[in-house]
Amino acid sequence: MSERAADTETPRVAGTKPFYVEAQRGDKYFWCSCGRSQRQPFCDGSHQGSGLRPVPYLSAADGEELLFCGCKQTRTPPFCDGSHNNLPGAYREDDPDSASNRRIALREPADSPVVPLDGGCYVFRSVGAAAQIRGSLRYQLLIGEVLGARHQSQFYLEVQGDESPVICFPDCHVVLFVFRGAGVARIGRVAVDVEADEGVYVRPGETLSLVPSPGGKLCVYLSICPQAGSLRWADRHTEFFDHGFPDRVARMDADQRNAMGSRYFQLLVDKRMGSTIATQFIGHIPLSKAEPHRHLYEEALLLLRGTGCLWTENWRAMVGPGDVMFLPRKQLHSLQCLSADGMDVVGLIHPGDNPSINY
């Protein structure tokens, strides 16, 4: 094959961000796969003479939100899969000392543990916040409908001494992250050992209790999708454990990392474990400030290690270990790492299964 012929078989990068489109039922699109079209992201016939063809898509719902791939490297055409993040120069950083950024005011903590930013975005500082107590369990609501969330709830749990009361959500997926300590998570009749930096998944209808190691405290962030206004209790464990999904503990594994420019993340709890609507990941952010961007999913971010700053259009807030950041769908934001060694975060996104997709 000649060099000229080979060039016609290779898609051109038309853009390093996906194209957002809000479709109506019955709308039909022909996505440009060659990258040569002048009406991106759609075909204008420029592929003629190449081996590349447009990809059709027919919308099945009013108000359907679509992100059409702009870099033409996606493995899920016609939609973005995050591949643009690893193109040279595509994952851009932002200058925190630019003139426009210097005008963004720092929101200082007040009496409330919630530090509000723009568009319903906020930082929740759980340390010292009021908590409820039930038996050996101390817990507090961090994310939920009363705080503006629409798709997920999140609670911070501390268990010390005896086994916790039994929790059960018949119609919800429950995803945990072990923040500190070690112990056992009882899921129905199955007990699994857990320790810090691990994710745990509980299927709808299964019962859950937590047992800390002797003399220790087990600290856990528990997410519920779809959202629930409060924890729900069961008198006792049931025998039910869905053996169709036997693996319930996700551990950090450097071989499973996915690069996003100079950042990386690893999926922990996702559809491979049976979690079809919520995805948990752990990520590392080097000393940097990301370019402001948006997501189509609702996101909760827990800062594990390091310090940083969360930016929105008009406000920013400092964040430290144990703080939770809530990001509504389509809210413009940027997370800056201030630690020389970088910072580690755990995210829970819903609805969605790919934390690398942004626009």
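Colleague: Before we go further, which residues of strand β2 (residues 28-31) lie on the covered face, and which on the uncovered one?

Modeller: In this predicted model, strand β2 has Tyr29 and Trp31 on the covered face, whereas Lys28 and Phe30 make up the uncovered face.

Colleague: How should I read the pairing of such a strand, and to which strand is β2 joined?

Modeller: As a general idea, strands of a sheet pair through backbone hydrogen bonds, either parallel or antiparallel. Here, β2 is joined by four bridges to strand β3 (residues 55-58), and the two run antiparallel. Within this pair, Phe30 of the uncovered face stands opposite Pro56 in β3.

Colleague: What is the order of strands in the open sheet of eight strands?

Modeller: The order is β6-β7-β27-β24-β29-β22-β21-β20, and the pairing is antiparallel. At the edges are β6 (114-116) and β20 (258-260), each of which pairs on one side only. Neighbouring strands of this sheet are turned against each other by 25° on average, with direction ignored.

Colleague: How many bridges join β22 to β29 in that sheet?

Modeller: Seven bridges join strand β22 (residues 279-285) to strand β29 (residues 343-350), and these strands run antiparallel. To follow one of the partners across, start from Ile282, whose bridge partner in β29 is Val346.

Colleague: Strand β29 also seems a good place to ask about charged side chains, so which residue forms a salt bridge with Asp344?

Modeller: The general idea is that side chains of opposite charge can pair when their charged atoms come close. In this structure, Asp344 forms a salt bridge with Arg305, and their closest N and O atoms are 2.9 Å apart. This pair links distant parts of the chain, since Asp344 is in strand β29 and Arg305 is in strand β24 (residues 298-305), 39 residues apart.

Colleague: Is Asp344 buried or exposed, and why does Arg305 count as partly exposed?

Modeller: Asp344 is buried, with a relative accessible area of 16%, because buried means under 20%. Arg305 is partly exposed because its relative accessible area is 34%, which falls between that limit and the 50% above which a residue counts as exposed.

Colleague: How many salt bridges are there by this rule, and where are the two residues of the pair Glu163 and Arg186?

Modeller: The count comes to 16 salt bridges. In one of them, the side chains of Glu163 and Arg186 meet at 3.4 Å, N to O. Glu163 lies in the loop between β10 (153-160) and β11 (166-168), while Arg186 belongs to strand β13 (residues 182-187), so that the pair links distant parts of the chain, 23 residues apart. Glu163 is partly exposed at 34% relative accessible area, and Arg186 is partly exposed at 32%.

Colleague: Which residue forms a salt bridge with Asp81?

Modeller: Asp81 forms a salt bridge with Arg75, with the closest N and O atoms 3.5 Å apart. Asp81 is buried, at 8% relative accessible area, whereas Arg75 is exposed, at 66%. Elsewhere, Glu65, Arg329 and Lys330 are linked in a network of salt bridges.

Colleague: Turning to the surface, which residues make the nonpolar patch of about 210 Å²?

Modeller: The patch is made by Leu106, Met318 and Leu338. Leu106 is found in strand β5 (residues 105-106), and it counts as partly exposed at 31% relative accessibility.

Colleague: Finally, what does the side chain of Ser339 reach?

Modeller: The side chain of Ser339 reaches the backbone nitrogen of Thr307 at 2.8 Å. Ser339 sits in the loop between β28 (334-337) and β29, and Ser339 is buried, with a relative accessible area of 14%.

Key:
Residues are numbered from 1 along each chain as its sequence is written. This is a predicted model: local features need pLDDT of at least 70, side-chain atom pairs count only at pLDDT 80 or more; totals for chains, interfaces and linings use all residues. Side-chain values use heavy atoms; hydrogens and water are left out. Two strands pair if DSSP finds at least two bridges between them. Axes are lines fitted to C-alpha atoms, for helices over the stretch in contact, and angles run from 0 to 180 degrees between N-to-C directions. Patches are made of residues with over 30% relative accessible area and no salt bridge: like charges are joined within 9 Å, nonpolar side chains (Val, Leu, Ile, Met, Phe, Trp, Tyr) within 5 Å. Accessible areas come from the Shrake-Rupley method with a 1.4 Å probe; for residues, only the protein chains shown count as cover. A salt bridge is a side-chain nitrogen of Lys or Arg within 4 Å of a carboxyl oxygen of Asp or Glu. Buried means under 20% relative accessible area, exposed over 50%, partly exposed in between (1.4 Å probe, protein chains only). A polar contact is a pair of N or O atoms within 3.5 Å; within protein, one must be able to donate a hydrogen and the other to accept it, and residues adjacent in sequence count only if both atoms are side-chain atoms.
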